[in-house]
Amino acid sequence: MEFLESILVTPFIEIWESPYYFIELVLVGLSTGVLYSLVALGFVLIFKASGMFNFAQGAMVLFAALTLVGLMEHGLPLWAALILSVATMVGLAFLVERFMLRHLVNQEGLILFMATIGLNFILEGTGQLMWGSDVKRLEIGIPDQPFDILGGKVLLNTFDVTAAFIGALLVITLAVFFQKTPMGRALRAVADDHQAALSVGIPLKTIWIAVWTIAGIVALVAGIVWGAKSGVQFSLSLIALKALPVLILGGFTSVPGAIVGGLIIGVGEKVAEGFWGPALGGAIENWFAYMLALAFLVFRPQGLFGEKIIERV
Amino acid sequence: MAQAVEQKTEAAALTSPLVVNNIEVIYDHVILVLKGVSLEVPEGGIVALLGANGAGKTTTLKAISNLLGAERGEVTKGEILFRGERVDSLTPNELVKRGVIQVMEGRHCFEHLTVEDNLMTGSYTRRDGAAAVAESLEKVYHYFPRLKERRTSQAGYTSGGEQQMTAIGRALMANPNTILLDEPSMGLAPQLVEEIFEIVKALNEKEGVSILLAEQNTMIALKYADYGYILENGRVVMDGDAAGLRENPDVKEFYLGLAGEGRKSFRDVKHYRRRKRWL
Ligand SMILES: Nc1ncnc2c1ncn2[C@@H]1O[C@H](COP(=O)(O)OP(=O)(O)OP(=O)(O)O)[C@@H](O)[C@H]1O
Ligand SMILES: [Mg+2]
């Protein structure tokens, strides 16, 4: 009884009594959530354009971050390393098209998935082979200082805010690209019906390269932000595990779903940790996302924004 | 004889931009579907490709637009020329750039895109500027005023007729000179079929677009076409002017469902034999 009260009543009273702490957690949650959204977006784009669940998305984050750090360790300035890293991710997209996708046209989803598992190991392997497997510090010059808003009642951190800002900028750019440009329209067309897209002259090859390039750049940005926060190391590739509940929440085929899903999970886990943590013994952050995803799988398997399958006779 | 054939195809290449020359198509390396199909589409013509279910109409169109590859089909003999160029050396993208575009059977609209976005995807290959594309869009709306009303609707939620119009309009956005139109009448009410064919005819006359039309609905196809080919089991069994085909007693009986008098007479047997020979 007491326990029930401590999870069903007390936390809400506390939220009511300390609204500023709540706001602070929401803001911090949003700043991590943006990064979850980014990684999930990479998944959604590839899933939509080629029906492929890209198991290697996490490895791409690690690979991109390792490339950047490695180049900087060789004495390149940040801007040059950044350009070369982007070029590497573009090159990767070309290679994936040339050696993987091209040979897998018309194959079953499961076979595509297994191919990405292979890619995952190749990326993790080559990344560490080339740049070593020790934890590396990534210094990109974002200041890490606490500051307060709302008259000193809410404490934030310049790093989190900058990261959130970069993430949000990329997400908005992608959304605009997807909705408003001819290439974005072609991507959506391929996602809907790739045969019809082919028949109007949209070359699948170009589309796949574009999608994997975007996924690569998204991975690079996520890798940079996360890497700068907690060091570039193998565990970066585990970020992808956080994207999975985001996808279940948002729906595998929905761009807005990936964005909103990421934010909900980011905020949810911080708030849960802050207010429910004491009653449940802490460390909620580690499993909150999966619990939420499980609940969604049971009650709303298509996710919040999963595209309805349009059926007409 | 061989020389005569050669001369004939050469002459055809001079007058007709699109020539299909004795092609054989095999799916999955083993399923022989087309067994020697030849046809041509003259500049500005409407040519009907007729035949029952499974005769090979769609396969012929996909061979021309080079979409067979995506279905594990392959042209193993013969050749298809568009303005003297072999189409098998071109990608679908390059063919669309040269003005040959297919409207697929069953419409295949992009369901989650709006009607207008569907139309705009047709302009993917164009490099003549936004103004020219906007002009084409206006033209499509001129021919299909219904699409203008529905421009912001998701294509998946529009009616079958509107989807067919969207599919044809989308092809028009590529600024084509030849449209391969696969069964536009499928699943539509007769009145709507008539409406769509009227528009297709108008496009042909006013915009000078050549049309190769695959249809099971022989009646309506021969009403609007200039010339027709009848396909049975992967072979052309008859061809001729649309008017002539309409009057042909065999076509009347087997494709138009108009039996002559005295069905049970000797004539019937004769037709049956003739049909047997085609098969
Ligand atoms: N992808 C494929 N793989 C194997 N066989 C196929 C394939 N597509 C079509 N076929 C076969 O080829 C034959 C011709 O099919 P096609 O679709 O060209 O006929 P059609 O004249 O267009 O018929 P319909 O009027 O039903 O559209 C059929 O027997 C069909 O089963
Ligand atoms: Mg067909």
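## Helix α8, the ligand sites and the strands of a predicted model

Residue B:E205 sits in helix α8 (residues 190-207) of chain B. The structure is a predicted model. B:E205 counts as exposed because its relative accessibility is 57%, where the cut-off for exposed is over 50%. Its C-alpha atom lies 33 Å from that of B:V25, and the two residues are 180 apart in sequence.

B:Y229 belongs to strand β9 (residues 227-232) of chain B. B:Y229 has a relative accessibility of 7% and therefore counts as buried, the limit being under 20%. The C-alpha atoms of B:Y229 and B:L39 are 7.6 Å apart, with their positions 190 residues apart along the chain.

**Strand β3 and its partners**

Strand β9 of chain B also pairs with β3(B), in the parallel sense and over four bridges. Within this pairing, B:L50 stands opposite B:I230 of β9(B). Strand β3(B) runs parallel to strand β8 (residues 210-215) of chain B as well, and five bridges join β3(B) to β8(B). There, B:A48 has B:L213 as its bridge partner.

How many residues of strand β3 (residues 46-50) of chain B are buried? Five of the five are, so the strand is largely enclosed by the rest of the structure. In a regular strand the side chains alternate between the two faces of the sheet. In β3(B), B:I46, B:A48 and B:L50 point one way, while B:V47 and B:L49 point the other way, and all are buried.

**The antiparallel strands**

Chain B also has an open sheet of four strands in the order β2-β1-β4-β5, with antiparallel pairing. Its edge strands are β2 and β5 (85-86), each of which pairs on one side only. Strand β1 (residues 18-27) and strand β4 (residues 73-82) of chain B are joined over eight bridges in the antiparallel sense. One of the residues involved is B:V19, whose bridge partner in β4(B) is B:L81.

In chain A, strand β1 (residues 146-149) and strand β2 (residues 154-157) pair in the antiparallel sense over four bridges. A:P146 has A:N157 in β2(A) as its bridge partner. The hairpin of β1(A) and β2(A) has four residues between the strands, and A:L150 in this hairpin takes a positive phi near 55°.

**Positive phi in chain B**

Most residues other than glycine have a negative phi, and most peptide bonds are trans. B:N22 has a positive phi near 55° and is not a glycine. B:N22 lies in strand β1 of chain B and counts as partly exposed at 45% relative accessibility. B:N66, also not a glycine, has a positive phi of about 60°. B:N66 is found in the loop between α2 and β4 of chain B and is partly exposed, with a relative accessible area of 23%.

**Ligand 1**

Ligand 1 is surrounded by 15 residues, and the closest are B:N53, B:K57, B:T58, B:T59 and B:E105. By class, this shell holds five nonpolar, six polar and four charged residues. Three polar contacts are set out below.

| Residue | Protein atom | Ligand 1 atom | Distance |
|---|---|---|---|
| B:N53 | polar side-chain atom | oxygen | 2.6 Å |
| B:G54 | backbone N or O atom | oxygen | 2.8 Å |
| B:Y27 | polar side-chain atom | nitrogen | 3.4 Å |

On its own, ligand 1 has 640 Å² of accessible area, of which the protein covers 69%. The elements that give two or more residues to the shell are β2 (31-41) and α2 (57-65) of chain B. Of the elements, α2(B) gives the most, with three residues.

**The magnesium ion**

Which protein atoms are the donors of the magnesium ion (ligand 2)? They are OG1 of B:T58 and OE of B:E105, lying 1.8 to 2.0 Å from the ion. B:T58 lies in helix α2 of chain B and B:E105 in the loop between β6 (100-103) and α4 (115-121) of chain B, so the pair ties together parts that are 47 residues apart in sequence. B:T58 is partly exposed, with a relative accessible area of 21%. B:E105 is likewise partly exposed, with a relative accessible area of 31%. B:T58 and B:E105 are also among the closest residues to ligand 1.

Terms used: Residues are numbered from 1 along each chain as its sequence is written. Chains are lettered from A and ligands numbered from 1 in the order in which they are written. This is a predicted model: local features need pLDDT of at least 70, side-chain atom pairs count only at pLDDT 80 or more; totals for chains, interfaces and linings use all residues. Side-chain values use heavy atoms; hydrogens and water are left out. A residue is near a molecule or strand if one of its heavy atoms lies within 4 Å of it. A polar contact is a pair of N or O atoms within 3.5 Å; within protein, one must be able to donate a hydrogen and the other to accept it, and residues adjacent in sequence count only if both atoms are side-chain atoms. Accessible areas come from the Shrake-Rupley method with a 1.4 Å probe; for residues, only the protein chains shown count as cover. Ala, Val, Leu, Ile, Met, Phe, Trp, Tyr, Cys and Pro count as nonpolar, Asp, Glu, Lys and Arg as charged, and the others, Gly among them, as polar. Donors are N, O and S atoms within 2.8 Å of the metal (3.2 Å for Na, K and Ca); water is not among the atoms, so sites may look incomplete. Buried means under 20% relative accessible area, exposed over 50%, partly exposed in between (1.4 Å probe, protein chains only). Two strands pair if DSSP finds at least two bridges between them.
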